[in-house]
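Let's take a walk through this structure together, one piece at a time. Have the 3D view open as you read.

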Amino acid sequence: MNMLRNSRASLRDGLSAVGDLTARSVFGAEASRAWSDLAAGTVLAGRANELCRRSVVVATTNQLTALATLVELDGAARRIVLYPPDLSLEYLPYVVQSAAADAIVSDRPTTGLETPGIASLTPSSWTMMPANPAPKVEHETEWVLLTSGTTGRPKLVVHTLASLAGAIEGGRPPADRMVWSTFYDIRRYGGLQIFLRAALTGTSLVLSSAQETTADFLARAGAHGVTHISGTPSHWRRASMSSSAHLIAPEYVRLSGEIADQAILNHLRSLYPQARIAHAFATTEAGVVFDVNDGLMGFPADVIEHTPHVVMKIENRSLRVRSNRTARCYLGDYNHAIRDAEGFVDTGDVLQLREGRYYFVGRGDGMINVGGMKVYPEEVEAVINGHPKVQMSLVRTKKNPITGALVVADVVLKIASGPASNDMGELHQDILRLCREALPSHKVPAAINFVPALAVADTGKLIRRHA
Amino acid sequence: MAQFRQVAREQGRRLAPLTDGLELLNSGLDSLCFAIIVTRLEGSLGLDPFSASEDARFPVTLGDFVSFYEHAAK
């Protein structure tokens, strides 16, 4: 039984429950720490008690520092917000306001937020905890994850350690040789799962680094003897293009965060013939839903009815999920309910049944998944429509063998602008320039098609064909 | 090769000298760049060797990448 189902148990309680951790470590690209030190040390110079009952944004660049801060603050802070390293700091004021944050832990400049009400701490060099560790509060710490929203502003998704760890059986002595790793950053849902899995089972963990090449990461993971490793299908396609892919010999390979197609599953099977290869369905809002272990894309239809601890149903072709792993609510402007009246979370993933197997065929909301990163068409259309010669645009997904999908745009020009065909190339570049200035690169259309018209419904809305 | 240079320019990336032995991951381009190149080549050549079969291999070097397309074109 997972001890975290007792909501009073903190991450440190979970760590200490797995026994002797001196030989198990977290290996970062720059430094490493034994789990036993993480359970009893501080990167906040012992000042975690100042953050008791506060709402704390953790916005460090370094993953190991972030991990140590999370271990230190769970059970002490009222709320921890995980600010991903690749999210622009321009959203920090919005996140601080939405999460009612009154403290920031960051090694980045957070100019403009040094207001009297907000405590600001910079993680410092490693020290062991003083004799009196921070007192624990009597309620669960909320863990807030950030995920993409339709407007470009992140959505704030509220979990607890218990909901995040709902799929993990903790408290068992780990297998001796087991070493986890993940291509994900631990501040993303997929990476957080692996961090918590390693922490709560007392397993060594190799962290990735944004500053490191795929080849160097694979070499480091191999040197630490990684046995279990997770990533998106796009992470794995990238690894497959590296001559260093053979430097790891995992027993278990896990794919999540995107639809796994048969090509990548087959490729990993031939690359790592000794490994169990699983693809998981999980989302930040719905939590971990199920794993598929038969090496085939999609999933057997009986998974819907026979997955322990998870209730699933399909409504309007969209998969809905109820379990103790789902998020609790959103914070901030995005004030939709995560769960419906019966407690189901709509994943927005549209399914199709073919010969006893379900396949993911698209998204109810048109969301495009580019290598594990979400893009909402409306956000890109708003930028394109800002061009003076554009009347309207439709942003849609195009299947891609490297990143799963890419963004493409169909654009209708204003009649008055009626450009001669030799101006079209220039206009094309002009629209792309506008997109590049306003959007991160994965949201910029890979192709722009000029079309005479777009289908508009009687309601005046664009007709979208998502699935 | 023109596609590699064009995409590198658009994405503001420094491209390594293009030789057959160059590892694609050391070329200066990221996954998104390769995704765009594959899509544009599909547009101009009408073929996508990655999606042609469920047992597609993944090219490691630029030479692999080129022969991948040459093989698919036959």
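In which sense, parallel or antiparallel, do strand β26 and β27 of chain A pair? Keep in mind that this is a predicted model. Strand β26, residues 404-413 of chain A, pairs with β27(A) in the parallel sense, over 4 bridges. To spot the pairing, look for A:A409, which stands opposite A:I448 in β27(A).

Now zoom out a little. These strands belong to an open sheet of 3 strands in chain A, ordered β25-β26-β27, and the pairing is mixed. At the edges you'll find β25 and β27 (447-450) of chain A, each pairing on one side only. From one strand to the next, the twist averages 25°. Chain B gets involved here too: its helix α2 (residues 31-45) packs on the sheet, touching β25, β26 and β27 of chain A. The direction of that helix makes about 100° with that of β25(A).

So how many residues of chain A are in contact with chain B? There are 25 of them, in contact with 20 residues of chain B. On the chain A side, α7 (214-223), α8 (233-240), α9 (262-271) and β25 (390-400) each supply at least two residues. That side divides into 8 nonpolar, 14 polar and 3 charged residues.

Next, chain A has an open sheet of 8 strands, in the order β2-β1-β12-β11-β13-β14-β15-β16, with mixed pairing. Its edge strands, β2 (32-34) and β16 (287-292), have a single partner strand each, so one side of each is left without a neighbour in the sheet. The twist here averages 20° from one strand to the next. Strand β1 (residues 25-27) of chain A runs antiparallel to β2(A), joined by 3 bridges, and A:V26 stands opposite A:R33 in β2(A).

Note on methods
Residues numbered from 1 in each chain as written. Chains lettered and ligands numbered in written order. Predicted model: local features only at pLDDT ≥ 70, side-chain atom pairs only at ≥ 80, totals over all residues. Contact = placed C-beta atoms within 7 Å. Nonpolar A, V, L, I, M, F, W, Y, C, P; charged D, E, K, R; others polar. Pairing = 2+ DSSP bridges. Axes fitted to C-alpha atoms, helices over the stretch in contact; angles between N-to-C directions.
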